Amino acid sequence: MTVGYVAYLVLALLVIMFLSAAIRILREYERGVVFTLGRFTGVKGPGLIILVPFIQQMVRVDLRVVVQDVPPQDVISRDNVSVKVNAVLYFRIVDAERAIIQVEDFMTATNQLAQTTLRSVLGKHDLDEMLAERDRLNSDIQEILDQRTDAWGIKVSNVEIKHVDLNESMIRAIAKQAEAERLRRAKVINADGEQQAAAKLVEAGKMLSEEPQAMQLRYFEALHDIAGERSSTVVFPLPVDLLRQFLKEPEK
């Protein structure tokens, strides 16, 4: 009887070991790349997967979007400015077979390719373009990466440049440039204001010259403004038209 119990126990253990080695459960976002005696035999999942122990092996592949940080890269722009640039890469696997068979480590390969592409693309642009046209640069990098990783079964959905780090001297130079630009705009705005004011004064002078009574009204308004000011000095405007009566030469 004891030998029989031991035999049943050994058989039960063998069955449990067989089932544990044969049964695999894949989640909804996972796929299994199955190899039979080293040869690719298909992609399975999600759900319950049964393998032949010691004959078939399976490699799990996650199909969710992977967010990968691209380390800071030393980039020399087209106008010979040295900067450090880092970015964020978003990609996912669309073909599990190619991601496992065509490349040894798709995570490392994609990250290294993103680093070289980042340096290559940004090196073709000026510093001003790096700072002002990030959306276009992100699109260019994403398109290049998507084309090159297509053979690996990877889809690059987005690339975002995070930081463009400048040295202190370049930051001061950019600040001086921005200050000079603001001063230039202020001078242009001031000149435009002077030009518009001069045009309005010419227009007002023409209107006052057509109506002498209007000049008298402006004179009274100026007197009213002076009377309202609390000052020890009083400036009394005297219209030139009033003096003309006294400056006329006596008739002979």
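Trainee: So a salt bridge is a side-chain nitrogen of Lys or Arg within 4 Å of a carboxyl oxygen of Asp or Glu. How many salt bridges does the count come to?

Mentor: By that rule the count is 10. This is a predicted model, where local features need pLDDT of at least 70 and side-chain atom pairs pLDDT 80 or more, while totals for chains, interfaces and linings use all residues. Residues are numbered from 1 along each chain, and side-chain values use heavy atoms, without hydrogens or water.

Trainee: Let's start with E30. How far apart are the N and O atoms in its salt bridge with R60?

Mentor: The side chains of R60 and E30 meet at 3.0 Å, N to O. R60 sits in strand 5 and E30 in strand 2, so the salt bridge ties together parts that are 30 residues apart in sequence. Strands (E, at least two residues) and helices (H or I, at least four) are DSSP runs, numbered from the N terminus.

Trainee: And what about R27 and E30?

Mentor: R27 also forms a salt bridge with E30, with the closest N and O atoms 3.7 Å apart. Through shared partners, R27, E30 and R60 are joined into one network.

Trainee: Is E30 buried or exposed?

Mentor: E30 has 10% relative accessibility, so it counts as buried (under 20% relative accessible area; exposed is over 50%, partly exposed in between, with a 1.4 Å probe and protein chains only). R60 is at 41%, so R60 counts as partly exposed.

Trainee: Which salt bridge does R78 make?

Mentor: R78 meets D126, at 3.2 Å from N to O. R78 is in the loop between strand 6 and strand 7, and D126 is in the loop between helix 3 (106-122) and helix 4 (127-132), so this pair ties together parts that are 48 residues apart in sequence. D126 has 23% relative accessibility and therefore counts as partly exposed.

Trainee: New topic, then: sheets. What is the strand order in the one with strand 2?

Mentor: The order is 3-2-5, in an open sheet of 3 strands with antiparallel pairing. Strand 3 (39-44) and strand 5 (56-62) stand at the edges with a single partner strand each, so one side of each has no neighbour in the sheet. Two strands pair if DSSP finds at least two bridges between them.

Trainee: How many bridges do strand 2 and strand 5 have?

Mentor: Strand 2 (residues 30-36) and strand 5 are paired over 7 bridges, in the antiparallel sense. In this pairing, G32 stands opposite R60 of strand 5. That is the R60 from the salt bridge with E30.

Trainee: What does the sheet with strand 7 look like?

Mentor: That one is also an open sheet of 3 strands, in the order 6-7-8, and its pairing is antiparallel. Its edges are strand 6 (66-76) and strand 8 (154-165), each with a single partner strand, so each has one side without a neighbour in the sheet. Strand 6 and strand 7 (residues 82-93) run antiparallel and are joined by 9 bridges. Q68, for example, has L89 in strand 7 as its bridge partner.

Trainee: Last one: how many aromatic pairs are there?

Mentor: The count is 1, for rings of Phe, Tyr and Trp (its six-membered ring) with centres within 6.5 Å; planes under 30 degrees apart are stacked, over 60 edge-to-face, the rest tilted. The rings are those of F35 and F40, with centres 6.2 Å apart and planes at 70°, so the pair is edge-to-face.

Trainee: How accessible is F35, and how accessible is F40?

Mentor: F35 is at 17% relative accessibility, so F35 counts as buried. F40 has a relative accessible area of 30%, so F40 is partly exposed.
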